[in-house]
Amino acid sequence: LPISSAHWLDFAWLEVRGIRYRDALRIDSLTLRLSPDILLGRIPEVRLYGARGWLSRLSTPSSNHTSSHFPFPITIQKLLISESTLLIDNLGPGLPVAPLRLGDSTPLLFTQVRFRAHTPGEAADELQSASTEDLVFYSPYDPLAPVLSFGRIDVAFTWEGLTHNRLELLRLTRPTVYLGDDLFAFANRVDAADEAVPATARPEPFQIAEFTVTDGRLALSLYGQPLVHLPVRFAASRENLVLRDFSELQLATTFTIPPSDLDYPAQDLSVRGLRGALYFNLGQQADGTGAENVVPTVFADSLTWKKLTAEKLSLSVTVNADGLFGRANAFLGGGSLDGGVSLFFKNDLPWSAWASVSGMESGVVTDALTPDQFRLSSLVDALAVVSAQGKHIRGGWGRLTFKDGGRLQIPSVAKLADRIPQDWDWIKKGSAKAALSVLEDYSFDQGEVRLTYLPPQGRLKLNLRGSQGLRDIDIQLR
């Protein structure tokens, strides 16, 4: 082993600096406590500081370095590791190196560690653990754009298992998937690197005895930065995973959105019975190859805003390299509510959305939102469409149809009648009161509302027909 220097600290302690083991391990400083037992292959204690190792090189010895093998087994009775890093560089072709920090705050203590034993001993099979925090993978095109992050990663392993790509435990805490075009650029880079590796050069498959994900998160990322953190959490649990590499992890595991309730008092909004699943690479593309996407799908028993409650909600969002495409539906006021949105990852961020209502009792909505100002009781069918670029609306239109008639009530109109100027003559006062009474309570047999908007102007038309006469209102919006 090449070293930079060595000297005795006292009669029992030897310090060695600048150790290099092939191209697999660098050690800043190592101290050994020696005793006559070394003649039997036993070292009482070793303290290791500032080590940096590459897992793929440690687990695959080179035939060019057979001279560095120990001629007989050596057992370290107590091994302490401080401020060191194990670089997990064999996660898969194209995947960045994951640094696993060892002994950052408190030295890791291992006992009865054996090197170059011909058969695995107790120490080789002794369970060890390590963790790392705040690991972030970035876009290949933007070094400031995160695509995956991990709040904490915990692993449990044995020395024998680690050299054969086996982990006893892999726990991911607070992983975040940043949904955006950079995520798929990262995935494409990984796929391209994977295809370039010949089959004969691939490492042994990874084996994970227990895999768990807790408190997983999703964020919508635009222009390389997270724009919206979605209010859902995902989790996963799997035993005895076998992976060719870690890029297959999302395909070998079922990710669920555990049941939960959400409350937002400031917005007077609550969600009950939220649950769902998170899918990766769902479906196929037009050419028959597997799709590259992330698909969160959620369901909820109810969503209440103020006093208005929608039930049996479902929402599915597909995010791929082109954009975000969502579809939602629910039951509201005895009818069905459907909607969709398409947002494209282009410079001007074009998007469009639509919503439709069928057979909804409009009184449920007005009673919940405007009970004292406005009430419309009718079965409603409606459709609305809007298109935009970023924050700028390019246009939209909508139509509400009241095929079976209904009743329009505006209680606040009576208050307007009390505010008619007293100095008006009786003809003027009477005409004003008559006009207001027409709006205060009106039953109709059929009607519709049409809205068109093309910046910078729009138009709203209300047409009602009934035994009390016609109600035609045409409003220009500017």
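Colleague: How many salt bridges turn up in a search of the whole structure?
Modeller: The search finds 18. Keep in mind that this is a predicted model.

Colleague: What makes Asp-301 and Arg-275 a salt bridge?
Modeller: Their closest N and O atoms are 3.2 Å apart. The cut-off is 4 Å between a side-chain nitrogen of Lys or Arg and a carboxyl oxygen of Asp or Glu, so the pair qualifies. The two sit in distant parts of the chain, 26 residues apart: Asp-301 is in strand 18 (residues 294-305) and Arg-275 in strand 17 (residues 269-280).

Colleague: And why is Asp-301 called partly exposed?
Modeller: Its relative accessible area is 45%. Buried means under 20% and exposed means over 50%, so Asp-301 falls in between. Arg-275, at 34%, counts as partly exposed too.

Colleague: How do you know that Glu-448 and Arg-399 form a salt bridge?
Modeller: The closest N and O atoms of Glu-448 and Arg-399 are 3.1 Å apart, and the limit is 4 Å, so the pair counts. This one also links distant parts of the chain, with Glu-448 in strand 27 (residues 446-454) and Arg-399 in strand 24 (residues 392-402), 49 residues apart.

Colleague: Is Glu-448 buried or exposed, and why?
Modeller: Buried, because its relative accessibility is 17% and the buried class covers values under 20%. Its partner Arg-399 has 36%, so Arg-399 is partly exposed.

Colleague: What about Asp-472, which residue does it meet in a salt bridge?
Modeller: Arg-465, with 2.8 Å from N to O. That is within the 4 Å limit, so the pair is a salt bridge. Asp-472 has 44% relative accessibility and counts as partly exposed; Arg-465, at 31%, also counts as partly exposed.

Colleague: Which residues are linked in a network of salt bridges?
Modeller: Arg-33, Glu-45 and Arg-47.

Colleague: Over to the surface. Which residues form the nonpolar patch?
Modeller: Trp-354, Leu-383, Val-385 and Trp-397, with about 340 Å² of accessible area together.

Colleague: Why does Trp-354 have enough accessible area for a patch?
Modeller: Patch residues need over 30% relative accessible area, and Trp-354 has 32%, so Trp-354 passes. With that value, Trp-354 counts as partly exposed.

Colleague: Where in the fold is Trp-354?
Modeller: In strand 22 (residues 350-361).

Colleague: What makes strand 21 and strand 22 a pair?
Modeller: Eight bridges join strand 22 to strand 21 (residues 335-344), and the two run antiparallel. At least two bridges are needed for pairing, so this counts. As one example of the register, Asp-338 stands opposite Ser-356 in strand 22. The hairpin of these strands has five residues between them, and Leu-349 there takes a positive phi near 50 degrees.

Colleague: How do you know that strand 22 also pairs with strand 23?
Modeller: Strand 22 and strand 23 (residues 375-389) have 10 bridges in the antiparallel sense, and two would be enough, so they pair. Trp-351 has Ala-388 in strand 23 as its bridge partner.

Colleague: What is the average pLDDT, and where does pLDDT stay under 50?
Modeller: The average is 84, and 89% of the residues score at least 70. pLDDT stays under 50 over residues 61-69, where the model has six contacts beyond four places in sequence. Residues 117-121 also stay under 50, with four such contacts.

Definitions and conventions: Residues numbered from 1 in each chain as written. Predicted model: local features only at pLDDT ≥ 70, side-chain atom pairs only at ≥ 80, totals over all residues. Heavy atoms only, no water. Patch = residues over 30% accessible without salt bridge, like charges linked within 9 Å, V, L, I, M, F, W, Y side chains within 5 Å. Areas by Shrake-Rupley, 256 points an atom, 1.4 Å probe, with all protein chains shown as cover. Helix = DSSP H or I, 4+ residues; strand = E, 2+ residues; numbered from the N terminus. Buried < 20%, exposed > 50% of the residue type's maximum accessible area, 1.4 Å probe, protein only. pLDDT = per-residue confidence, 0-100. Contact = heavy atoms within 4.5 Å.
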